[in-house]
Amino acid sequence: TDTIGEAAKKYSAESYPFLNDVDWLSSIYLKLLPGAAEGKTPKAVDKATVMGSAMDGDLLKAAAEAHHKTNGSIDAKGVTSAAAYEAVNAASGRAVASAPKSTVMDLYNAVAGIVDSSIP
């Protein structure tokens, strides 16, 4: 049984309406994170690189290909199709699950340290 695929399907179905409500064409994505702790962002990027190198190469490639395929279904609002969104979530989930838990948590903690804890 593909528990990651099943979880991705449920997550995608429940979160896709939110995805459609986001203004993906906003210039806010070009700005620094509010309250970002100076000097911690490169450390988080390093942890992401370490996690990527710890992932199963075939699963990481599949996740990259799923992301690439979303480009073909992006609408005028910058939103990909529900099917492409689900495929990215499933492929990314499988890739992340292939990395050691400690490596995933190192990235999680590094990203959590970038912004002020009052920002949800």
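## Helix packing in a five-helix chain

Helix 2 (residues 41-54) and helix 5 (residues 101-112) pack with their axes 9 Å apart, at an angle of about 160°. The model described here is a predicted one. Angles over 145 degrees count as roughly antiparallel, and helix 2 and helix 5 are therefore roughly antiparallel to each other. Their crossing is left-handed.

On the side of helix 2, the residues that meet helix 5 are Ala44, Lys47, Ala48, Val50, Met51 and Ala54. Helix 5 contributes Thr103, Val104, Asp106, Leu107, Ala110 and Val111. Sorted by class, the contact of helix 2 with helix 5 has nine nonpolar residues, one polar residue and two charged residues.

### The chain as a whole

The chain has five helices and zero strands. Its pattern, read along the sequence, is α-α-α-α-α. The C-alpha trace spans about 35 × 35 × 20 Å along its principal axes. The chain has 120 residues, of which 23% count as buried. Among the contacts in the chain with a separation of 6 or more, 84% are accounted for by residues 24 or more positions apart.

### Three helix pairs

Two packed helices are described by the angle between their axes and the distance between the axes. The table gives these values for three pairs.

| Pair | Angle | Axis distance | Crossing |
|---|---|---|---|
| Helix 2 and helix 5 | about 160° | 9 Å | left-handed |
| Helix 3 and helix 4 | about 160° | 8 Å | left-handed |
| Helix 1 and helix 4 | about 135° | 8 Å | right-handed |

### Helix 3 with helix 4

Helix 3 (residues 57-70) packs against helix 4 (residues 82-98) at an angle of about 160°. That makes helix 3 roughly antiparallel to helix 4. From helix 3, the contact is made by Leu59, Leu60, Ala62, Ala63, Ala66, His67 and Thr70. From helix 4 come Ala84, Ala87, Val88, Ala91, Ser92, Arg94, Ala95 and Ser98. The residues of the contact of helix 3 with helix 4 divide into ten nonpolar, four polar and one charged.

Two helix 3 residues in this contact can be described in detail. Is Thr70 buried or exposed? A residue is buried if its relative accessible area is under 20%; Thr70 has a value of 12%, so Thr70 is buried. Leaving aside neighbours within four places in sequence, Thr70 is in contact with Thr80, Ala84 and Val88. The side chain of Thr70 also reaches the backbone oxygen of His67, at 2.5 Å.

His67 is likewise found in helix 3. With a relative accessibility of 41%, His67 counts as partly exposed. When neighbours within four places in sequence are left aside, His67 is in contact with Val88 and Ser92. Val88 is thus a contact of Thr70 and a contact of His67. His67 and Leu107 are 40 residues apart along the chain, and their C-alpha atoms are separated by 20 Å.

### Helix 1 with helix 4

Helix 1 (residues 3-21) and helix 4 pack at an angle of about 135°, with their axes 8 Å apart. That makes helix 1 oblique to helix 4. The crossing of this pair is right-handed.

Which residues of helix 1 meet helix 4? They are Ile4, Gly5, Ala8, Lys9, Tyr11, Ser12, Ser15, Tyr16 and Leu19. Their partners in helix 4 are Ala82, Tyr85, Glu86, Asn89, Ala90, Gly93, Arg94 and Ala97. By class, the contact of helix 1 with helix 4 has nine nonpolar, five polar and three charged residues. Arg94 is listed in the contact of helix 4 with helix 1 and in the contact of helix 4 with helix 3.

### Two residues of helix 5

Thr103 is found in helix 5. Thr103 counts as buried, at 14% relative accessibility. Not counting residues up to four places away in sequence, Thr103 touches Val50, Met51 and Ala54. These three residues are among those of helix 2 that meet helix 5.

Ala112 is also found in helix 5. Ala112 has a relative accessible area of 46% and is partly exposed. Ala112 and Ala44 lie 68 residues apart along the chain, while their C-alpha atoms are separated by 9.0 Å. Ala44 is one of the helix 2 residues that meet helix 5.

How values were computed:
Residues are numbered from 1 along each chain as its sequence is written. This is a predicted model: local features need pLDDT of at least 70, side-chain atom pairs count only at pLDDT 80 or more; totals for chains, interfaces and linings use all residues. Side-chain values use heavy atoms; hydrogens and water are left out. Axes are lines fitted to C-alpha atoms, for helices over the stretch in contact, and angles run from 0 to 180 degrees between N-to-C directions. Helices (H or I, at least four residues) and strands (E, at least two) are DSSP runs, numbered from the N terminus. Angles under 35 degrees count as roughly parallel, over 145 as roughly antiparallel, 65 to 115 as roughly perpendicular and the rest as oblique. A crossing is left-handed if the near helix is turned anticlockwise from the far one by less than a right angle, and right-handed if clockwise. Contact means heavy atoms within 4.5 Å. Ala, Val, Leu, Ile, Met, Phe, Trp, Tyr, Cys and Pro count as nonpolar, Asp, Glu, Lys and Arg as charged, and the others, Gly among them, as polar. Buried means under 20% relative accessible area, exposed over 50%, partly exposed in between (1.4 Å probe, protein chains only). A polar contact is a pair of N or O atoms within 3.5 Å; within protein, one must be able to donate a hydrogen and the other to accept it, and residues adjacent in sequence count only if both atoms are side-chain atoms.
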